[in-house]
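Me: I'm new to reading structures and would like a close look at one single part. Could you pick a spot, walk me through it, and then show me what lies around it?

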Amino acid sequence: MNLSLGPLLYYWSRDDMLAFYEEAQHWPLARVYLGESVCSRRHLLRLSDWLELAEKLTAAGKEAVLSSQTLIESESDLKTLRRIVSDGRFRVEANEWGAVRLLSEAGVPFVAGPTLNVYNHETLDVLAGLGAQRWLPPVEMSRATLASLLDHLPAGMETEVFAYGRLPLAYSARCFTARHYNLPKDDCQFRCLDHPDGLLLSTREGEPFLTLNGIQTQSAGVYTLIGELPALHELGVASLRLSPQTHHMGRVVEAFQATLAGEPVAADALARIMPGPAVDGYWHGRAGLEHSTEQHA
Amino acid sequence: MPLELICPAGSLVSLKAAIDNGADAVYMGFRDNTNARAFPGLNFDEAQAAEGLRYAHDRGRKVLLALNTYPQPDTWSRWTGAIDRAAKLGMDAVILADAGLMRYAVKQYPALRLHLSVQGSATSYEAVNFYREHFGIQRAVLPRVLSLPQVENVVQHTDVEIELFGFGGLCVMVEGRCLLSSYCTGESPNTAGVCSPPKAVQWTDTPTGLESRLNGVLLDRYGKDEKAGYPTLCKGRFEVGGETYYAIEEPTSLNTLDLLPEMLKTGIAAIKIEGRQRSPAYVTQVTKVWRAAIDAVKKNADAFKPTPAWQAELNKLSEGQSHTLGAYHRPWK
C-alpha cells in the first residue's frame, strides 16, 4: 500500500498553499491530488499555478492528479473542467459524471472520485469500461461492504480509501461560511481564508459536530484508519488518501508511513496533532461520528 | 411543450387523491429501501402498485416508480428484482440514480423508460448527457441547487426532458451528495433511503425546554412559545463562532409558485411536488393548487399571478409554515 495526499479542501493564502506543496515534495507520498474541488470562487491559485505545481511534484517523483470540481453549476465551471481534461499531461480525478463524460470522450484514463457514488460492482464496471483505473468508495462505506465489492475488481482497477482527515459529507449551492457572516455568496469576501481548517459547528450543548467549509460540510471528527492498515492491506486496497490539514500534515504522513513500515500504531501521537476528535464509525458500519476504542488496543 | 405536474403517492389513497385532483403523473416506491422514502407504513406492495397503475391508466395518467437509492453488493438482487417487477407491472418509467442499475435496466428491458433521479446529482448538461448517451434516459430531475438561468442553460444543451422540484421539503444539499444523516445515525438517503430516520429521533422535556435529538446529538431546543418541527438534521439550531442559529437552513419548505412563469420559459418538461411521506390531505390540496396554477400560467404566462388563496393554502402545508424560493432565486445562496 502507498499514500496519497488528497486535494486541499480548504482555502488558504497563496503563500501558504505554495509553501504546503513545497514541503509535500519531501513527504513519503506516491501521489498528490491538486486543484480546487470545492468552490469555483476560490482563485488564489489558478489552473496554470496548479499545473506548475503538478510539474514540480512529478519532478519530485510523485504522481500528480488533478481533482475536478465536485459541484458544477455554471458554464464557466464547465470551461475550467474542459481545460483540465484537455491538458492531458496528468491524470484527472472525476468528481461528478460530467467529468466522466468528458474524460471518456477524450480517451483519458481517470480516477473515479468518492462523490461518484460507487456502491456496487456494476457501477464500478461501467466506470472501468469508460477508462477509470483507480476509484475511491464513498466515505460512508463500511469495511464489510468494501470487502464484498473487492471480492472481484475490474482488471487493472486500483482502490484508494479515504483514511485520514475530516470527512467531506455534503455539498450545497449555499455557502455556509458566507451565511455565518450574513454575506451573500456572490460577495463572500473570501471569509474561508480566515478559517484554514474550516468553521466548527457545535450542538447547543457544546459538542463539536460538523465543520463548515464554504459550500462543503465536513465532519468535526477526524476520520482515521491508522489502526486498520492490516485489514486494508488484506482487502487489497492499493492506496490510502490523507486529507490536508493546516498544521502538522507532514507528521500525519510520517505516522502513516511508519505504521505501513511495521512500526507500532501511533494512534495516540496522531491524536495529539489532529484538529478534532478521532472517529471511525463508518468503517465499522455504524454512525460516522462514533469511535471504536479497539484500535488503541 | 406541455408542462406536466408530477405528484407524490405514498399510498393508494394518496395516489387516487393526486389523480382525482389533476396530477399528470404520480411517483411511488416499493415497500423497501429501494427508494428514498423508505419509511414504515409507506409505499406499495405489488398488488397495490397494480391497482394504482390501473387507476391512473384508466384516467389517462402515468405512474413513475422511484428506485433511487444505491444498490449494495450483497443486496443487488433486491434492486434488479424491483426493476423486473416494474417492467412486468407496466410502469410508465423508473426513476434511477445508480449507473450500474441503469445498465441492467437497459439491457433487460430496452423499452422501459428511464428517468434520472435527483439522487443522481446531475447538475450540468454534461452529466445529463452522459446518462443520455450511455443509458438513453428520457428525463432528468435536477438537484435543487441551480438558479433558473442555469436551469435554462441545461435545457438548451440537452435533448433530455428536465423536471424541477416546485414545492415541498427542501434539501439544502445536493441530493445524492449528502451523508450528514449517516454521519449522525448510520443511515443515509443513498444507502438506506432515509434522512434523519424516525427511529433515531428522541424528544425530551427538560427544564430548559423541549429537546430534539438524533442518535443522541442535540439538534434543537425549543422554548415554551416555539413550535417544534420534525428534527431534520440540517434544519436544527447550532453554535458557530459563539452564535446559535439555523446554521444550515431554517425549517422551511420550497414553494416556487411565484417563479412559475420563469420556470415555464426555461423550457422544462415537468414540475415535481415533494412529499410521499405526507398525508392524502396534503396531496389533495397541493395538487389542486398546482393544477390550477399550471393551467393559468399556460393560458397566459405574462398575466400570471399566484392568488392569495393559493399561497395561503400552500403556506398551511409548509414545514414551519414558511417557504422559500430556494436556489432558483440567487440571493438564497
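**A close look at one glycine**

Reply: Let's start with A:Gly221, which counts as buried because 25 other C-beta atoms lie within 10 Å, and 20 or more is enough for that label. Keep in mind as you look around that this is a predicted model.

So where does this glycine sit? A:Gly221 is part of strand 10 of chain A, which covers residues 216-224. Leaving aside residues up to four places away in sequence, A:Gly221 touches A:Gly276, A:Pro277, A:Ala278, A:Val279 and A:Leu289. Now hop to another spot on the chain: A:Leu81 is 140 residues from A:Gly221 along the sequence, and their C-alpha atoms are separated by 31 Å.

A:Leu81 gives us a handy way into another part of chain A, since helix 3 spans residues 75-87. Start with strand 3 (residues 63-67) of chain A, where four of the five residues are buried. On one side of the story, strand 2 (residues 31-34) of chain A pairs with strand 3 of chain A in the parallel sense, over four bridges. In that pairing, A:Tyr33 has A:Val65 as its bridge partner. Strand 2, helix 2 (residues 47-59) and strand 3 of chain A together make a right-handed β-α-β unit. The chain then crosses from strand 3 through helix 3 to strand 4 of chain A, and this β-α-β crossover is right-handed too. Strand 3 and strand 4 (residues 91-94) of chain A also pair in the parallel sense, this time over three bridges. Here A:Val65 turns up again, standing opposite A:Arg91 in strand 4 of chain A.

Let's zoom out to the whole chain. Chain A has ten helices and twelve strands. Its radius of gyration is 18 Å, close to the 19 Å that the globule rule gives for 297 residues, so chain A is as compact as a globular protein of that length. The C-alpha trace of chain A spans about 50 × 50 × 35 Å along its principal axes. As for burial, 52% of the 297 residues in chain A are buried, A:Gly221 being one of them. Among contacts in chain A with a separation of 6 or more, 65% are between residues 24 or more positions apart.

Finally, chain A has company: 52 of its residues are in contact with 55 residues of chain B. The side of chain A that touches chain B has 24 nonpolar, 16 polar and twelve charged residues. Strands pair across the two chains as well: strand 7 (residues 158-172) of chain A and strand 8 (residues 173-178) of chain B run antiparallel and are joined by two bridges. You can spot A:Ala170 opposite B:Cys178 in strand 8 of chain B.

Note on methods
Residues are numbered from 1 along each chain as its sequence is written. Chains are lettered from A and ligands numbered from 1 in the order in which they are written. This is a predicted model: local features need pLDDT of at least 70, side-chain atom pairs count only at pLDDT 80 or more; totals for chains, interfaces and linings use all residues. A residue is buried if 20 or more other C-beta atoms lie within 10 Å of its own, exposed if 12 or fewer, and partly exposed in between; C-beta atoms are placed from the backbone. Two strands pair if DSSP finds at least two bridges between them. A crossover is right-handed if, with the strands pointing away from the viewer, the path from the first strand over the helix to the second runs clockwise. Two residues are in contact if their C-beta atoms, placed from the backbone, lie within 7 Å. Ala, Val, Leu, Ile, Met, Phe, Trp, Tyr, Cys and Pro count as nonpolar, Asp, Glu, Lys and Arg as charged, and the others, Gly among them, as polar. The radius of gyration is taken over C-alpha atoms; the globule rule is 2.2 Å times the number of residues to the power 0.38.
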